[in-house]
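Me: I would like a close look at a single part of this protein, namely its largest nonpolar core. Please describe which residues have the most contacts inside it, and then set that part within the whole chain.

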Amino acid sequence: MPVDFLSPAQEARYAAFPEPLSTDDLARHAYLDATDRTVLTALRSDHTRLGYAVQLATVRCLGTFREHPTDVPVALVATLAHQLGITLTDHLDRYQNSQMRWHHTQDICQRYGYVDYTHPQRGWRFLRWLFARAWVSTERPSLLFERAISWLRTEKVLLPGITTLERDVARVRDRASDRIWRILAQDLTLAQRQQLDALLVVAPDAHLTPFEQIRRLPTTPSSQGLRDALHHLASLRDLPLLPALPRQLPPSRLHALARIALTARAQTLARLTDTRRVATLRAALHTLVALAHDTILDMLDAVVTALLSEAAKAGIQTRVRTLNDLDAAALTLAEVVAILRDPVVADGTIRTAVAAQYANDALDDAIAQVRALARPTADTTYEALVARYRRISRFRPRFLTTIQLDALPAGKAVVQAYQFLQQQEGRRSRTFTDAPLQVVTAAWRPYVIIGAQRTDRIGYTYCVLDRLVTTLRRREVFVQPSLRYADPRRGMLYGAAWEAARPQVCRALDKLADGKTALAQLATQLETAYQTTAAALSTNAAVSITTVDGKPDLVLSPLERLDEPASLIRLRDQIAQLLPRVELPELLLEVHQRTGFLHAFTHLSERTAEVEDLASSLCAILIADACNLGIAPLINATTPALQDDRLRWVQQHYFRNETLLRANASLVAAHSQLTLTHHWGSGEVASADGVRFVVPLRTVHAAANPKYFGPERGVTYYNLTADQYSGLHGIVVTGTLRDSLVLISLLLDQQTPLHPREIMTDTGAYADSMFGLLWLLGYQFSPRISDIGGTRFWRIDRTADYGALNDLAAHRIKPQRIIDHWDDLLRIAGSLTMDMCHSESVMRTLQRGDRPTALARALQELGRIIKTLFLLNYLNDAAYRRRVLTQLNRGEARHKLARVVFYGQRGELRQRYREGQEDQLHALGLVVNAIVVWNTMYIERAIDHLRRSGQPVADADVARLSPLSFAHLNVLGRYTFALPEPIANGEWHPLRTAGEG
């Protein structure tokens, strides 16, 4: 890989003090404890004591010493001088010119345990850690570089020169890549290598290579589509037998390698080096089997859910259609019963009285009607199930013989019943006599149980499939290999691996290893929060507590609209008039010229391809995806960079998931360095929300939701927006999956330089376990609460007096659950942060509602403490509630801009496969970020212009501006990809003048 992967902003941040140096930074690095003061007291003069203290704080903060000790922030010097009781004069200048500074550097290293980067033992430990990190993850190199800096600082290894560390990171990543290629290729025979290569050769009578044919998985969610998917899985298994994959290969590495093969053309794969080509194909075949399993189980979920829903509706409709006949018969019999009960009619004349009003045939018909129609609801539904059983029979035999399942303890009963169906397949009996009945729920019993020892085959089959779908969703049942339905325990840290990783995990997450001590600290925080909120309740006009039906009812008044001062309205209008009008291609090219973000798109083979005007081709592909146009409207036969074959070549060799994420990280880094950006936020806050897209294709990778997609199906692009307006990452979710299941993945997978620690969401991600797990991972979870009235408040101390909050705090935490499982909770958090397991599967297992495991209960108890801390702060601080609302509004404004850009084909996403959906929506997010960067740069220039012209511009107004405006941006029409010469030479677009259109 290229060695020069750092952006100019990252190079400027290396071994540099944060700007500005925060109070927390000063407290962490510049506080002098008793040991420090003892050392400093032994020094004779003020300038040596202050100089020594500055060097000590510098190495703690930066991980290295400054060439010039005086080159430090004034706040740092002032903090140290205040602690030492020294008046600031020329002390540092005197220290700079003395020889003592060199002796102090050596003394600090010896006394506090700092070593050079070339230290044999610790340097070897660092390279071993770096390789292990590069081996198990697919982090972009610049993020791995940042993690390396953190490790070196923690382990007190002095930072080397930036090029040295950059070179080592690149070298280790290359070694990790070479190793996985070598491992995947080394145990293959020559014949097996030839069989793999044959997959890339087009047969004389075919249009596609065998590999291109087998990677096209069926996606239609129907009985026939499921049957086709099972046939496809069988064809994958019939491919030339390859050795089982070595167990030590990290799943993330395999998946990243396979993704290249699943999206690139066969000709592109054929040009890879021999070892890499064979390794890529082998990883792809393994992943294709896993993807086939995922697709089959997704289809099973869709088909079974649809069948059961249709049957229930049909049963109700059948029942409704017979109600008139039932009513007539019931009324007739009611009249007969009335005659029987009439005391005026003598017992001996009852038959005569009945016969006088109703003929015997009419009574017989009424009785028959009631017996035929008056039956349990299950009977009508059962008939509907039987009528649709043929659709089950289309795929049932092959499904039972093809798919082998395993389970966690909670899913064992379902797997036992499934295996019973496997054994019974091929037998023609309509009933079973020895079927396992533990799987049969009360709702299914009327359809399944016939007699004391007999079960109906059709009802039992439906019941098992329904329970199978439910347990698959919870990951209580799993299949191997799989990407999304695998064993949720796979990859978890256990035994010796966890013992070795525990200290590093506790340090990285800033959590105590002892659960009892950690819980005591939380109890103190909870007590303080309750007392603070209770004391302020009498003056908090937004909060009221009343009693409804004997229970406390909490009411929180909504926030009032924040008024916009005239100065803000005027400033916003003036900036809108000053911003230059710009075409989207020109905007992208200019942003690239100023940030270099398109350099992140590297050739698939990692070599440097000599291509003239590559930037124009890349911008054209970006616009084709982001505007949802396809490349056809961008083709220009007279421009070499825009010719058809050139664009398709660039699309195949440069556009892939890793380059899109790398380019996005480059834009986020560049945007965070702009002065104006810091008026909006520090980058430590982000919000997660989804934008919905209709998918007008019949594919298993889209789902129905009438509220958002009407009669169509669709997906949700669940994305993370920083308080600086940058989009950090996004995940495609089929349909509208519950937010809490994918939020952890969204946070842990984002690889930009911003690392938000406070996460704001809408109510959809609200769950006790989410509060607990995010806290363990080092995040503050701050969801917007739509209805706080029914929210539960929890306490640890049952005897504590919280005043007006006593009735609300009626629920008690069970702390022993947390203490007993504290180590397991840390182990889950550590496994997630180290990218050892699939976060969505873990969340599904932990959020099981009806029968949670003991570990899930412990996480819920911990989450209830964290949730209560949040709620008390949420009640007590209107500014906090305002901040949550403001940040969520920023995410919604980004979505509005994304809709404007994604205008082609009626704004519908026409991608059948999940990988294609993700890549296209990543491109959309990248273009929106480019617009944000361009707007921010020119808003800065507009503000400078206004200030130079003598107009006052208040910082409070600047903080309420937004870089998401688009009135000046043209995304429509014919596209040209050429920068005006002045802009190409580094100049800026002139701001518009008053009255200019």
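Reply: The following account begins with the core, moves to a loop residue and a strand residue, and ends with the protein as a whole.

The model is a predicted one. Its largest nonpolar core has 112 residues. Those with the most contacts inside this core are Leu165, Phe211, Leu300, Phe399 and Tyr460. Helix H16, which spans residues 274-321, supplies the largest share of the core, namely 20 residues. Apart from this core lies another, of 85 residues, which includes Ala686, Leu747, Trp775 and Met843. In soluble globular proteins, nonpolar side chains tend to be buried together.

Leu165 deserves a closer look. When its neighbours within four places in sequence are left aside, Leu165 is in contact with Tyr14, Tyr117, Phe126, Phe145, Ala148, Ile149, Leu152 and Pro160.

Leu159 may be considered next. This residue is placed in the loop between helix H9 (141-154) and helix H10 (162-186). Leu159 counts as buried because its relative accessibility is 9%, and the cut-off for that term is under 20%. Residues up to four places away in sequence not being counted, Leu159 touches Tyr14, Ala15, Leu62, Gly63, Thr64, Ile149, Leu152 and Arg153. Tyr14, Ile149 and Leu152 are thus among the contacts of Leu159 and also among those of Leu165. Val115 is 44 residues from Leu159 along the chain, and the C-alpha atoms of the two are separated by 9.6 Å.

A residue in a strand offers a further example. Thr721 lies in strand E10, which covers residues 713-722. With a relative accessible area of 1%, Thr721 is therefore buried. Not counting residues up to four places away in sequence, Thr721 touches Val685, Ala686, Ser687, Ser726, Gln887, Gly891 and Arg894. One of these, Ala686, is also among the residues of the core of 85 residues.

The whole protein can now be described. It contains 43 helices and 16 strands. Of its 997 residues, 53% count as buried. Among contacts with a separation of 6 or more, 76% are between residues 24 or more positions apart. A compact globule of 997 residues would have a radius of gyration near 30 Å; the value for the protein is 34 Å, which agrees. Taken along the principal axes, the C-alpha atoms fill a box of roughly 130 × 85 × 70 Å.

Finally, the protein exposes about 45,500 Å², of which carbon and sulfur atoms supply 51%. It has 116 positive and 103 negative side chains, and the centres of these two sets lie 5 Å apart.

Definitions and conventions:
Residues are numbered from 1 along each chain as its sequence is written. This is a predicted model: local features need pLDDT of at least 70, side-chain atom pairs count only at pLDDT 80 or more; totals for chains, interfaces and linings use all residues. Side-chain values use heavy atoms; hydrogens and water are left out. A nonpolar core is a set of buried Ala, Val, Leu, Ile, Met, Phe, Trp, Tyr and Cys residues joined through side-chain atoms within 4.5 Å. Buried means under 20% relative accessible area, exposed over 50%, partly exposed in between (1.4 Å probe, protein chains only). Helices (H or I, at least four residues) and strands (E, at least two) are DSSP runs, numbered from the N terminus. Contact means heavy atoms within 4.5 Å. The radius of gyration is taken over C-alpha atoms; the globule rule is 2.2 Å times the number of residues to the power 0.38. Accessible areas come from the Shrake-Rupley method with a 1.4 Å probe; for residues, only the protein chains shown count as cover. Lys and Arg count as positive and Asp and Glu as negative; His and the chain ends are not counted. The place of a charge is taken as NZ of Lys, CZ of Arg, CG of Asp or CD of Glu.
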